[in-house]
Amino acid sequence: MKKRLLIISTIFLLIFGVSLPVHATPRIDAKAAIMVDSSTGQIIYEKNANQQLPVASISKLLTVAVVHDELQQHVITDYSKVEVTPDIATISNDPSYSSIGLVSGQSYSVIELLNAAMVKSADGATVALATAAGNSLDKFVIKMDQKAHEIGLKKAKIINPTGLTNGEMKGLASDNVPANAENEMSAKDVALLSRYLIQSYPAILQVTAQKKANFFITKDNTKSVDNLNKMLPGEQYTVSGVKINGLKTGTSDKAGACFVSTGNYKGHQIITVVLHAKGDNKDNRFVQTQNLYKILKQDYHLQQIKLPSNVTNAKVKHGVTSNLSTSPKKLSIWSNSPLTSYTVSQNFDNKLTNNTQTLQAPIKRGQRIGSLRLTSSKLKTVSGEPLTYPLYSNESVPKGNFLERLFR
């Protein structure tokens, strides 16, 4: 009886043209957008991703990348003190900017300024951060430009550390630069920068994941501010099944409302970028980010690619054995249709091969020994390189004795 009812229902739908409900793919209402798997670099979605556009305060991510280099080089520490100049205080106290009210003559630590720059997007704090290592702003901008090229942002236009126009930098404006000039990047640039930052400086996500932060201004004045990211867990624009933990908003007249997010979905760190979300409501950048995740959930799935034995094993020289089992045995990609044509190759760490093509003992169990690269004409990455996965040893291979080394 149930089968008969199903047949009748199907005939009715065919005759009367009634279609079953389907999920339409959302339209991304922004000038440019991109969605990337951070670990492999796979581009899942893109729209005008190569178009250079003003990015406003998203520029501060590049500022942080340079400051992280200075921290790594021990030029400064988290607790190095930076004295606020009158020019910096003027920017920090302008109510038309993203201001936090730093006081001229007062000193603040690098970590305090970093928190203010990332959580509040404080412009004055960002300028102070750029001077922490004793740089002039012009010298710091040169460092930003060099860092941009190192990361792969070949066409990024960098004017200052904040994302303000040159004229809005007041007494700190650069000479011979138009007053209306401001930083520009593409959506792909922003994704590359974000991927670089969360891989080289993962602690930044502990900063950007804060819903609130307290800032010491003076002895009797501490400010508590909310994170501008309204997609953090429990906030207004959260996405079911996705834990957003960063990264940065940006707003200006030219850039409109922009947002780059990082979030964990099905065990994968996803980067989304929305540049110049359309409409007067700045929160539309969060709505469009939600739409990117709708596309991911509705149109894509994780396809598992089983690897052949020649890339799940490796040869080893001068060890007690000449073969090594490796992992992973499968690779995951985001797919909206089955991937059937591809190549996979092993790339070993040069330090473990002594500049040969073969691993040299000793090798430790669980040691990262290189990477796997997946190449297909149907797959694109944000860097233009093949999809890359870490390659690990499944067993230890101690160095062999004289005879073993001689014949292996």
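In this predicted model, Asn176 has a relative accessibility of 83% and therefore counts as exposed, the cut-off being over 50%. Asn176 belongs to the loop between helix H6 (137-151) and strand S6 (184-185). The phi angle of Asn176 is positive, near 60°, in a residue other than glycine. A positive phi is also found at Asn48, where the value is near 50°. Asn48 sits in the loop that runs between S2 and strand S3 (53-54). With a relative accessibility of 44%, Asn48 counts as partly exposed, because the value falls between the limits of 20% and 50%. As background, most residues other than glycine have a negative phi, and most peptide bonds are trans.

Two cis peptide bonds can be described in the same context. One joins Gly246 and Leu247, with omega about 25°, and Leu247 is placed in strand S9. Another joins Ser327 and Pro328, with omega about 15°. Pro328 lies in the loop between S14 and S15.

The chain as a whole contains 10 helices and 19 strands. Its C-alpha atoms fill a box of roughly 80 × 70 × 40 Å along the principal axes. The chain has 408 residues, of which 50% count as buried.

Helix H2 covers residues 60-72. At 1.5 Å a residue, its 13 residues should span 18 Å, and the end C-alpha atoms are 18 Å apart, so the expected and modelled spans agree. Of these 13 residues, 12 are buried, and H2 is therefore largely enclosed by the rest of the structure. The buried residues of H2 include Lys60, His68, Asp69 and Glu70, as well as Leu61, Leu62, Val64 and Val66. An α-helix has 3.6 residues a turn, so residues three or four places apart point the same way. After H2 comes His74, which has a positive phi near 60°.

Strand pairing was examined next. Strands of a sheet pair through backbone hydrogen bonds, either parallel or antiparallel. One open sheet has 5 strands in the order S2-S1-S11-S10-S9, and the pairing is antiparallel. S2 and S9 form the edges of this sheet; each has a single partner strand, so one side of each is left without a neighbour in the sheet. From one strand to the next, the twist averages 10°. S9 and strand S10 (residues 256-265) run antiparallel and are joined by 10 bridges. Gly246, one of the two residues joined by a cis peptide bond, has Thr262 in S10 as its bridge partner.

Strand S19 (residues 387-393) pairs with strand S14 (residues 323-327) in the antiparallel sense, over 2 bridges. Here Ser327 has Tyr392 as its bridge partner in S19. S19 also pairs with strand S18 (residues 368-375), again antiparallel, over 6 bridges. In this pairing, Leu372 stands opposite Tyr389 of S19.

Empty space in the model was then considered. Rolling a probe the size of a water molecule over the atoms shows where empty space is left. The largest pocket holds about 600 Å³ of space. Its lining is made up of 28 residues, and those closest to the centre are Ser57, Ser98, Thr251, Ser252 and Lys282. Strand S9 (242-252) and helix H9 (284-299) each supply at least two residues of this lining, and S9 gives the largest share, with 5 residues. By class, the lining of the largest pocket has 13 polar, 10 charged and 5 nonpolar residues.

The second largest pocket has a volume of about 190 Å³. It is lined by 13 residues, with Gln42, Trp334, Asn336, Lys378 and Leu379 nearest its centre. Strand S2 (43-47) and strand S15 (330-335) are the elements that give two or more residues to this lining, and S15 gives the most, with 3 residues. The lining of the second largest pocket divides into 7 nonpolar, 4 polar and 2 charged residues.

The search of the whole structure finds 1 cavity of 30 Å³ or more, and the space within this cavity is about 70 Å³. Residues that line the cavity include Met118, Val119, Asn227, Leu228, Leu247 and Phe259. The elements that give two or more residues to its lining are helix H4 (110-120) and S9. By class, the cavity lining has 5 nonpolar, 4 polar and 2 charged residues.

Terms used
Residues numbered from 1 in each chain as written. Predicted model: local features only at pLDDT ≥ 70, side-chain atom pairs only at ≥ 80, totals over all residues. Heavy atoms only, no water. Helix = DSSP H or I, 4+ residues; strand = E, 2+ residues; numbered from the N terminus. Expected span 1.5 Å × (residues − 1). Buried < 20%, exposed > 50% of the residue type's maximum accessible area, 1.4 Å probe, protein only. 1 Å grid on protein atoms, 1.4 Å probe; cavity = no way out; pocket = protein on both sides within 12 Å on 5 of 7 lines; lining within 4 Å. Points joined across faces, edges and corners; volume = space filled by probe spheres on them. Nonpolar A, V, L, I, M, F, W, Y, C, P; charged D, E, K, R; others polar. Pairing = 2+ DSSP bridges. Axes fitted to C-alpha atoms, helices over the stretch in contact; angles between N-to-C directions.
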